[in-house]
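Me: Please take one part of this structure and look at it closely, at the level of strand pairing and packing. Then follow the connections outward as far as they go.

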2 protein chains.
Amino acid sequence: MPEPLRIGIAGLGTVGCGVLALLRDNATLLEQRTGRPIEAVAVSSRDRGKDRGVSLDGLDWCDDARALAAHPAVDVVVELIGGSEGIARALSETAFANGKHLVTANKALLAHHGAALADAARQADRHLGYEAAVAGGIPIVKALREGLAGNRIGGVYGILNGTCNYIMTAMHESVQAGQARDFDSVLQEAQELGYAEADPSTDIDGIDAAHKLAILTSVVFGCPVDFAAVHVEGIRHVSALDIGFAIELGYRVKLLGITRDGEAAVTQRVHPCMIRETAPIARVDGVFNAVVAEGDRIGSALFEGPGAGAGPTASAVVADLVDIARGQIMPAFPAGAAGTSRPAAKPMDHHVGAYYIRLMVVDKPGVIAGIAACLRDEQVSVEAMLQRGRNPGELVPVVLTTHEAQESAVVSALAAIDRLDTVLEPPRMIRIEAF
Amino acid sequence: MPEPLRIGIAGLGTVGCGVLALLRDNATLLEQRTGRPIEAVAVSSRDRGKDRGVSLDGLDWCDDARALAAHPAVDVVVELIGGSEGIARALSETAFANGKHLVTANKALLAHHGAALADAARQADRHLGYEAAVAGGIPIVKALREGLAGNRIGGVYGILNGTCNYIMTAMHESVQAGQARDFDSVLQEAQELGYAEADPSTDIDGIDAAHKLAILTSVVFGCPVDFAAVHVEGIRHVSALDIGFAIELGYRVKLLGITRDGEAAVTQRVHPCMIRETAPIARVDGVFNAVVAEGDRIGSALFEGPGAGAGPTASAVVADLVDIARGQIMPAFPAGAAGTSRPAAKPMDHHVGAYYIRLMVVDKPGVIAGIAACLRDEQVSVEAMLQRGRNPGELVPVVLTTHEAQESAVVSALAAIDRLDTVLEPPRMIRIEAF
């Protein structure tokens, strides 16, 4: 009779209950696949009395999550409490200090303390599993760390936040249906449908995607997790007007996380992007996540699936448990192309790319000439210009796309444009990515 | 100084040379990632004098591939010779008999002898790696066997042959451009571009896709590899006419491999399918491969990437070498939902689905009534009927789609229809899949 792998689960929200349900429903299958039972033996949560729709019979209840992390009957601590500090962090450190493996779905914790936790895991000779922290239903950490381990990875980019992708998709569909809806209205709908939180800022300001991107960066490049070095912009300023122009120009607007191994340093950035409508990732809609890996041997590969939810996240947690049950223990962040160099702290300073610029101007002769002069002065070359609809003397949108330019030059040009009398609103800029 | 993992490569075609190049180009990275060097030490091929554009300096040359498989300095034999019998099979058996790990890109070998080889690997306590045998650049074996190991998998389907997908894509594009090209013309072009072999039958008759499907079936369901139980149809009979109707009906035609865990048994089938143009896999075009996994926890996830070529295949071979270097040895086919039961030998006998039927009939009153009667007699319910273009007294196409029906009933109805005087060509049928 093989020894069971004994699990302690800290946090019994929908994911924790989903893990319990999975371990129970698929117990026989998991034992067949790994050669040993995987059994939940202890749990910890705030409210013991709450009905969670899943039986807690036979499970040891710990009022203190740290007690769970030191529980003598537990081999693996599954941390599903959340938050980068406080109890989740203390629990994780306690787990390694007590010789337990740790599996976590906590992207904030890893984004802020991933390097220290990976060290603690290595010193304790225990596994730090975090497949569930990035794009739940897609086994992307395993794909990058193992499946594509033969490749020098040049870059990874993806749709890492389902809430933002839902909002962007709904806005595109509304524009295409001729009934353009703006950000606030779609956000409210997403909240009503449960796709966005009551306080949506972590999602829509790009923080959640940035947490995941910082983790992916260390998976592929081996450098220490450095969330502070991620350039982060959210989607609050993406308007139906800009989405309409994007569609007209053959683009889609998505919030992407992009990490690249540049000549000087690794760059990490999260911001709205215009991508060609024919790019495979442009067609990943709704709450789905997707990640594209670019490798020197494969060219590129795309992985698409559900990014959140009890089932997909539990699937990822249990994939880590299966690895541990099979004895497949490995460093959390194996070395990569970038080795131990740190990501660039201000990645956009040296960014070079094409740009979409939208201005609200007074419709009168000479306006375009003034704008063009500002761009010329910064050596920014215009690729195309669109002025739809005449409305002499009134406010009209003017759209420009640029050839490749350095971001600092574009920013200077936009500041100069903003000072023009004929430009009546702050310029809007969306970076164009050539995938 | 850690022990290197020493590799012997049998077969120095484009993939073998690609593996050599990868091990050399990314040697430092691989050592950092795995903690030990991965070094080619011996090779075997037919023609020693040939210039392959890659240096063989320092490599032990074996004229006999079986000698390579027994070479005392080799830890892992990489089999890239191909073919299900002969030298590839003998070499593989010799490798395990001599205590070597085996990594292979040989789908035919695994489709025919996968069960026996998995047994030999287990008895020798060695690893049988075959990531490169299915959808080269996509780490799908690892994703299914490890990344989604928490899921009860209901089914897996995919575009498993790049040649067929290239031909289907080119035919669709030609129809959409109003310059319909038929199968033979597109095949010839594919041959000229190097996307199809001089003898294309293994690809276009679905054999290659069926080899891969038989392997995937055992990965997800744990039953012994049973190629003989795969229902196989190729794409020779897919016409531009049918693709035109498919587009009109909102479908795309793809050659898919589909494996499902049915109530009675696992069913495996490879045949042209009509799939909704909005299904994610419908948009995977050209030589790309894609696999969709349906799991009880994730819903579905899609994996897309290059299916062939020196780089992607070498990437997959080296992923297996990395697993071995890291000590991640596991059974070739872990148990799955279907356990050790065998796949159904005649999977289409009990197939239930919707069908597209295209007939060439004489355009005169009463023709449709006769056809409808044949379908009614077999209890096959018509969903839609299309008769484009009138041409009294001449040959015109009539297209029908059915509601869900048992295949045996559809086959009987088509036989009856074929006997009608007004139906002048054998009926064409394409199964409609509701993804």
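Reply: A good place to start is Ile9(B), whose bridge partner in β2(B) is Val43(B). The model is a predicted one, in which local features need pLDDT of at least 70 and side-chain atom pairs count only at pLDDT 80 or more, whereas totals for chains, interfaces and linings use all residues. Residues are numbered from 1 along each chain as its sequence is written, while chains are lettered from A and ligands numbered from 1 in the order in which they are written.

That bridge is part of the pairing of β1(B) with β2(B), which run parallel and are joined by six bridges; two strands are taken to pair if DSSP finds at least two bridges between them, and the strands themselves are DSSP runs (E, at least two residues), as helices are (H or I, at least four), all numbered from the N terminus. β2(B) also pairs with β3(B), again in the parallel sense, over three bridges, and here Ala42(B) has Asp60(B) of β3(B) as its bridge partner. Five of the seven residues of β2(B) are buried, which leaves the strand mostly covered; a residue is called buried if 20 or more other C-beta atoms, placed from the backbone, lie within 10 Å of its own, exposed if 12 or fewer do, and partly exposed in between.

In chain B, six strands make up an open sheet with parallel pairing, in the order β3-β2-β1-β4-β5-β6. Its edges are β3 (60–62) and β6 (128–129) of chain B, and since each has a single partner strand, one side of each is left without a neighbour in the sheet. Further along the order, β4 (76–79) and β5 (101–104) of chain B pair in the parallel sense over four bridges, with Val78(B) standing opposite Val103(B) in β5(B). Helix α4 (residues 86–97) of chain B packs on the sheet and touches β1, β4 and β5 of chain B, its direction making about 170 degrees with that of β4(B). Such angles run from 0 to 180 degrees between N-to-C directions, and the axes are lines fitted to C-alpha atoms, for helices over the stretch in contact. Helix α1 (residues 14–25) of chain B lies across β1 (5–10), β2 (38–44) and β4 of chain B, and runs at about 155 degrees to β1(B).

In chain A, β1(A) is mostly covered, with five of its six residues buried. β1(A) pairs with β2(A) in the parallel sense over six bridges, Leu5(A) having Ile38(A) as its bridge partner, and with β4(A), also in the parallel sense, over four bridges, where Ile7(A) stands opposite Val76(A). These four residues reappear together around Leu321(A), which, leaving aside its neighbours within four places in sequence, is in contact with Leu5(A), Ile7(A), Ile38(A), Val76(A) and Val103(A); contact here requires C-beta atoms, placed from the backbone, to lie within 7 Å. Leu321(A) and Leu321(B) touch the most other members of the largest nonpolar core, which has 294 residues, a nonpolar core being a set of buried Ala, Val, Leu, Ile, Met, Phe, Trp, Tyr and Cys residues joined through C-beta atoms within 7 Å.

The loop between β4 and α4 of chain A holds Ile81(A), which counts as buried because there are 24 C-beta neighbours inside 10 Å. Ile81(A) is 72 residues from Ile9(A) in sequence, and their C-alpha atoms are 9.4 Å apart.

There remains the relation between the chains. Chain B is superposed on chain A by a rotation of 180 degrees with 0.0 Å of shift along its axis (RMSD 0.0 Å), and the two copies are thus related as by a two-fold rotation axis; the fit is by least squares on the C-alpha atoms of residues with pLDDT of at least 70 in both. Each chain brings residues to the contact, 43 from chain B and 43 from chain A, and on the side of chain B that touches chain A the largest contribution, eight residues, comes from α12(B). At this contact β12 (residues 299–306) of chain A pairs with β12(B) in the antiparallel sense over three bridges, Glu304(A) having Leu302(B) as its bridge partner. Phe303(B) comes closest to the rotation axis among the residues of chain B, with its C-alpha at 2.3 Å.

Conventions. Contact = placed C-beta atoms within 7 Å.
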